[in-house]
2 protein chains.
Amino acid sequence: MNSSASSGPAPLSRRQEYRQATIEEIKGLARCQLAEHGPGALSLRAIARDMRMASSALYRYFASYDDLITALCVDAYNSVADALTQARDARPADDHAGRWWAICHAHRRWALDNPADFALIFGTPVPGYQAPARVTGPAAGRLAAALFDVYAAAAHARAARPDRTQVPEKLEVGELLTELLPEAGAHHPPRLAGIAATAWASVLGYLVAEIFGSLTRLIPDTDQLYDAHLRTVMLGMGFDPDLIQAAGRDEA
Amino acid sequence: MNSSASSGPAPLSRRQEYRQATIEEIKGLARCQLAEHGPGALSLRAIARDMRMASSALYRYFASYDDLITALCVDAYNSVADALTQARDARPADDHAGRWWAICHAHRRWALDNPADFALIFGTPVPGYQAPARVTGPAAGRLAAALFDVYAAAAHARAARPDRTQVPEKLEVGELLTELLPEAGAHHPPRLAGIAATAWASVLGYLVAEIFGSLTRLIPDTDQLYDAHLRTVMLGMGFDPDLIQAAGRDEA
DNA sequence: CCCAAATAGTGAGCGCTGCTCACAAAGAGA
DNA sequence: TCTCTTTGTGAGCAGCGCTCACTATTTGGG
């Protein structure tokens, strides 16, 4: 472990290389199954059959069903976090409203393109499964940090005015906040976290309604509705109305 | 069927009475299992064991696993719809903001009190399960209608101003709207449905974050945060700010 | 009252699942 | 070459949803 990770490029031995490839193949087939047959419909034996292996061989790579799910969750968190940070960085650092807008659109794009992964991390977990926080935490933290940082920067630059929101100034600080964002939590009031969290919940709720629910059958033009929803949410976050309009116009 | 339902009080025969009781017992044990061991963790054989019956006997009452889930879903929809309409009717008909406020608080109360049912209908469905719309539809429609009616009444009384929202006036009408609310959809513009739907999505997202996610560990005082969230959402719906404040104050 | 029809419950069994374990190849390092 | 670690095998266990032939039990009409 230590010896392989110590020297930079980590020269994987031939065996480790094969092992890694096998792990990726398993995860790929698992994702395939979830996408095809719905959430929770994942059979280790079916994966083994696809790979023409004995089912017991899979346990050399994942100690259990739950371990596989956990790995898929971590991948999904990283995938969405990548998509969001990439969308954020495509906009100039001082275009705060544009960055939030871009992040939220990237989130929806990712969710529509990867409904199975979306279900995995934002829906009810699989049967008796509970994601182990110590493994999922860091990956989920990247996501939270990306959202929070953008809003904190916007507030700092006065592109958004937290004092014009409905979220009270004094708010108890949660353990997760001080844990995930130790430095940010220190010099940013928890109010910002409250605003970002509730706003993100609104966005998430829309996506849940669109992907799991029957929102599309209620209002077919979900693109237009999402833009409106996002403008509403951003107004609620205290973003400058003019900046919101500009963010919507400048969409690449 | 027809003969038993035709004459008012429907004098159930002794057998039908027992049968109904057994069905309720099965559903009760099923709910217990879901609440205890998490969503999707439902075993027909375990239920049969609890009832000291052969597992095959259960199939006299529910044709399949999915049928049981469907029945639980319908019950859950009716349960939440009851809670919401009851909360609504506890407020005077002309207190539109208060009614929306009450409905949303009842929704949260219900979700916190019945997390298993909440997961059943608002989370990712069980493994390969897809709720048959023709069975779930009516029950879900009651919920949708309750929300929509309150907002439509508020808009009609000008307690809320749809024209001050971000949702565009012209919006395509979905099949579900004309189907579930044939009369309402006719003389109410789809814009109202769009506003109500996105607002409800925001509320739902908050509840998902609080119940499935780790919102509580981020901001411990979720009561206060929910009130703020709700005020934000209602502002976004075009509710009169003064009425929103009043709704929050008058909480019974 | 009795007998046929409908209903409720049984137990064996099929094919599937996740998972374990003793064992056999195959590769890596001395 | 010999040894130790890693991969893969196949049988098997207990559990699952579900089916089917069969047996009690209850019901209602002749």
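This is a short chat about a predicted model with protein chains and DNA strands.

Reader: Start with chain A. How many helices and how many strands are there?
Author: Chain A has 13 helices and zero strands. Read from the N terminus, the elements go α-α-α-α-α-α-α-α-α-α-α-α-α.

Reader: What share of chain A counts as buried?
Author: Of its 252 residues, 50% count as buried.

Reader: And the exposed area of chain A, what supplies it?
Author: Chain A exposes about 12300 Å². Carbon and sulfur atoms supply 52% of that.

Reader: What about contacts in chain A between residues 24 or more positions apart?
Author: Take the contacts with a separation of 6 or more. Residues 24 or more positions apart account for 69% of them.

Reader: Before I use any of this, what is the mean pLDDT of chain A?
Author: The mean is 87. In chain A, 88% of the residues reach 70 or more.

Reader: Where is confidence lowest in chain A, and where is it highest?
Author: Helix H1 of chain A, residues 2–6, is lowest, with a mean of 38. Helix H12 of chain A, residues 222–236, is highest, at 97. Residues 1–9 of chain A have a pLDDT below 50. Beyond near neighbours in sequence, that stretch has one contact in the model.

Reader: On to the DNA. Which residues come nearest to DNA strand C?
Author: Leu44(A), Arg45(A), Ser56(B), Arg60(B) and Tyr61(B), out of 20 residues around the strand. On the DNA side, sugar and phosphate make up 46% of the strand C atoms that come within 4 Å of the protein.

Reader: Which residues have atoms listed against a phosphate oxygen of strand C?
Author: Here are three. Arg49(A) has a polar side-chain atom 3.2 Å from a phosphate oxygen of DNA strand C. Arg19(B) places a polar side-chain atom 2.7 Å from a phosphate oxygen of that strand. Tyr65(A) uses a backbone N or O atom, at 2.6 Å from a phosphate oxygen of DNA strand C.

Reader: Which elements give two or more residues to the surface near strand C?
Author: Helix H3 (44–50) of chain A and helix H2 (14–37) of chain B. H3(A) gives the most, with three residues.

Reader: How do the residues near strand C divide by class?
Author: Eight are nonpolar, five polar and seven charged.

Reader: Now DNA strand D. Which residues come nearest there?
Author: Ser56(A), Arg60(A), Tyr61(A), Arg45(B) and Tyr65(B), out of 21 residues around DNA strand D. Sugar and phosphate account for 49% of the strand D atoms within 4 Å of the protein.

Reader: What does the side chain of Arg60(A) have at 2.3 Å?
Author: A base oxygen of DNA strand D. The partner is an N or O atom in the Arg60(A) side chain.

Reader: And which chain B residues have atoms listed against a phosphate oxygen of strand D?
Author: Ser43(B) and Tyr65(B) are among them. Ser43(B) has a side-chain N or O atom 2.8 Å from a phosphate oxygen of DNA strand D. Tyr65(B) has a backbone N or O atom 2.6 Å from a phosphate oxygen of that strand.

Reader: Which helix gives the most to the surface near strand D?
Author: H3(B), with three residues. Helix H2 (14–37) of chain A, plus H2 and helix H3 (44–50) of chain B, each supply at least two. By class, the surface near DNA strand D has eight nonpolar, five polar and eight charged residues.

Reader: Switching topic. Where is His229(A)?
Author: In helix H12 of chain A.

Reader: Is His229(A) buried or exposed?
Author: Buried, because its relative accessibility is 3%, below the 20% cut-off.

Reader: What does His229(A) touch?
Author: Leaving out residues up to four places away in sequence, His229(A) touches Ser202(A), Val203(A) and Tyr206(A). From chain B, His229(A) touches Thr198(B) and Ser202(B).

Reader: Backbone check. What is phi of Arg52(A)?
Author: Near 50°, a positive value in a residue other than glycine. Most residues other than glycine have a negative phi.

Reader: Where is Arg52(A) found?
Author: In the loop between H3 and helix H4 (65–89) of chain A. Arg52(A) counts as exposed because its relative accessibility is 77%.

Reader: What about phi of Arg52(B)?
Author: Positive, about 50°, and Arg52(B) is not a glycine. Arg52(B) sits in the loop between H3 and helix H4 (65–89) of chain B. At 77% relative accessibility, Arg52(B) counts as exposed.

Terms used
Residues are numbered from 1 along each chain as its sequence is written. Chains are lettered from A and ligands numbered from 1 in the order in which they are written. This is a predicted model: local features need pLDDT of at least 70, side-chain atom pairs count only at pLDDT 80 or more; totals for chains, interfaces and linings use all residues. Side-chain values use heavy atoms; hydrogens and water are left out. Helices (H or I, at least four residues) and strands (E, at least two) are DSSP runs, numbered from the N terminus. Buried means under 20% relative accessible area, exposed over 50%, partly exposed in between (1.4 Å probe, protein chains only). Contact means heavy atoms within 4.5 Å. Accessible areas come from the Shrake-Rupley method with a 1.4 Å probe; for residues, only the protein chains shown count as cover. A residue is near a molecule or strand if one of its heavy atoms lies within 4 Å of it. A polar contact is a pair of N or O atoms within 3.5 Å; within protein, one must be able to donate a hydrogen and the other to accept it, and residues adjacent in sequence count only if both atoms are side-chain atoms. Ala, Val, Leu, Ile, Met, Phe, Trp, Tyr, Cys and Pro count as nonpolar, Asp, Glu, Lys and Arg as charged, and the others, Gly among them, as polar. pLDDT is the predictor's confidence in each residue, from 0 to 100.
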